[in-house]
Amino acid sequence: MRWVRLQLSYGPRPAGSPASRALADRLRSALPHSAFQPVPGGLRNIIARVPGRNPHDVVVVGAHYDTKDIPGFLGANDGAAGTAAVMELARHLPPRHLRATIVFALFDGEESPDDTPDSEFEQTGLRGSKVAARAYPDASAMILLDFVGLHALRIPREESSDPDLWQKLRASARRVGAEAAFPIGVGPDILDDHTPFEHVGVPSIDLIDFDYPCFHKLCDDLSHVSGTSLDQVGETVRDLLPRL
């Protein structure tokens with residue numbers, strides 16, 4: 001929750017804005033073995049790396065840190081929650097504790113520019129994840145965290161998400177007591193930052209509770225973020241990583 005509050009303290013954070021760039025500097029400084037990855041248009045992904053025992057086996061865990069370019073829009077769930085969970089996972093995972101090397105990616109430019117229609121989202125959005133997917137086409141898995149802080153969190157399998165990887169995630173949720181947050185069932189097919197990884201053949205899953213009435217609305221604020229939900233997602237992913 002501290003990382004969520006920190007992000008919201010910068011106000012709206014559209015890709016490339018002074019607030020977004022200042023936040024990126026702060027996030028990068030707190031991550032292990034981190035660097036900026038250039039994204040067209042002057043944008044920047046933040047890439048952190050926690051080495052595993054096998055440097056050639058890579059798993060990508062990601063979220064986006066930019067917000068939709070709507071005046072006053074804070075993106076508490078749509079950006080900040082997933083970024084906060086990735087931050088804590090990256091900061092507390094010991095080096096060489098896992099077999100796989102974990103790349104933690106905070107994507108810039110997930111949201112499409114405000115002058116483009118929603119029908120062109122796949123073409124004009126997902127800017128940072130397109131770059132990252134090209135950099136890690138041989139990753140063994142990709143796990144995306146998006147809309148993971150809602151109260152009474154319920155995340156069914158997003159339709160395009162890899163079924164086998166999702167079953168492993170649900171097994172981890174059972175082990176940590178978070179099974180209720182990942183119910184049986186399939187939700188809609190969502191274009192998101194996992195999509196470019198799917199396009200290059202990486203088994204990917206999108207953790208997103210898309211049944212959210214504050215999507216791209218000013219009510220997407222701190223009151224809609226639950227520390228319990230963040231904990232359920234973080235603990236589930238933490239249990240999953242050693243099993244990949």
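**Exercise 1. Decide whether Cys-219 is buried, partly exposed or exposed, then describe the bond that Cys-219 forms.**

Solution. Cys-219 has a relative accessible area of 29%, so this residue counts as partly exposed, given that buried means under 20% and exposed means over 50%. The structure used here is a predicted model, and the next step is to look for the partner of Cys-219 within that model. A disulfide joins Cys-219 to Cys-214, with an S to S distance of 2.1 Å. A disulfide is a covalent bond between the sulfur atoms of two cysteines. The structure holds one disulfide. The handedness of the link between Cys-214 and Cys-219 is left-handed, with an angle of -120° about the S-S bond. As a last step, consider the partner: Cys-214 has a relative accessibility of 5%, and therefore counts as buried.

**Exercise 2. Work out whether the end-to-end distance of helix α8 agrees with the span expected for its 14 residues.**

Solution. Helix α8 covers residues 227-240, and at 1.5 Å a residue its 14 residues should span 20 Å. To reach that value, the 1.5 Å is multiplied by one less than the number of residues. The C-alpha atoms at the two ends of α8 are 20 Å apart, which agrees with the expectation.

The start of the helix can be examined next. Ser-226 caps the N-terminal end of α8, since one of its side-chain oxygens lies 3.2 Å from the backbone nitrogen of Thr-228.

**Exercise 3. Find which residues of α8 are buried, and what covers them.**

Solution. The buried residues of α8 are Ser-229, Leu-230, Val-233, Gly-234, Thr-236, Val-237, Asp-239 and Leu-240. Their cover includes the helices α1 (2-9), α3 (76-92) and α6 (163-175), together with the strands β5 (141-145) and β6 (204-207).

Asp-231 also belongs to helix α8, but with a relative accessibility of 45% this residue counts as partly exposed. Although Asp-231 and Met-1 are 230 residues apart along the chain, their C-alpha atoms are separated by 9.6 Å.

**Exercise 4. Locate His-33 and Phe-147, give the phi of each, and state whether each is buried or exposed.**

Solution. Take His-33 to begin with, which is found in the loop between α2 (18-29) and β1 (35-39). Its phi is positive, at about 45°, although His-33 is not a glycine. With a relative accessible area of 60%, His-33 is exposed, because the cut-off for exposed is over 50%.

Turn now to Phe-147, which lies in the loop between β5 and α6. Phe-147 is likewise a residue other than glycine with a positive phi, near 55°. Its relative accessible area is 1%, so Phe-147 is buried.

**Exercise 5. Describe how the chain is built, and judge from its radius of gyration how compact it is.**

Solution. The chain has eight helices and six strands, and from the N terminus on its elements run α-α-β-β-β-α-β-α-α-β-α-α-β-α. The radius of gyration is 16 Å, close to the 18 Å that the globule rule gives for 244 residues, so the chain is as compact as a globular protein of that length. Along the principal axes, the C-alpha atoms fill a box of roughly 40 × 35 × 35 Å.

Two further values complete the description. Buried residues make up 56% of the 244 residues, and among contacts with a separation of 6 or more, 76% are between residues 24 or more positions apart.

Notes. Residues are numbered from 1 along each chain as its sequence is written. This is a predicted model: local features need pLDDT of at least 70, side-chain atom pairs count only at pLDDT 80 or more; totals for chains, interfaces and linings use all residues. Side-chain values use heavy atoms; hydrogens and water are left out. Helices (H or I, at least four residues) and strands (E, at least two) are DSSP runs, numbered from the N terminus. Buried means under 20% relative accessible area, exposed over 50%, partly exposed in between (1.4 Å probe, protein chains only). Contact means heavy atoms within 4.5 Å. A polar contact is a pair of N or O atoms within 3.5 Å; within protein, one must be able to donate a hydrogen and the other to accept it, and residues adjacent in sequence count only if both atoms are side-chain atoms. A disulfide is a pair of cysteine sulfur atoms within 2.5 Å. The radius of gyration is taken over C-alpha atoms; the globule rule is 2.2 Å times the number of residues to the power 0.38.
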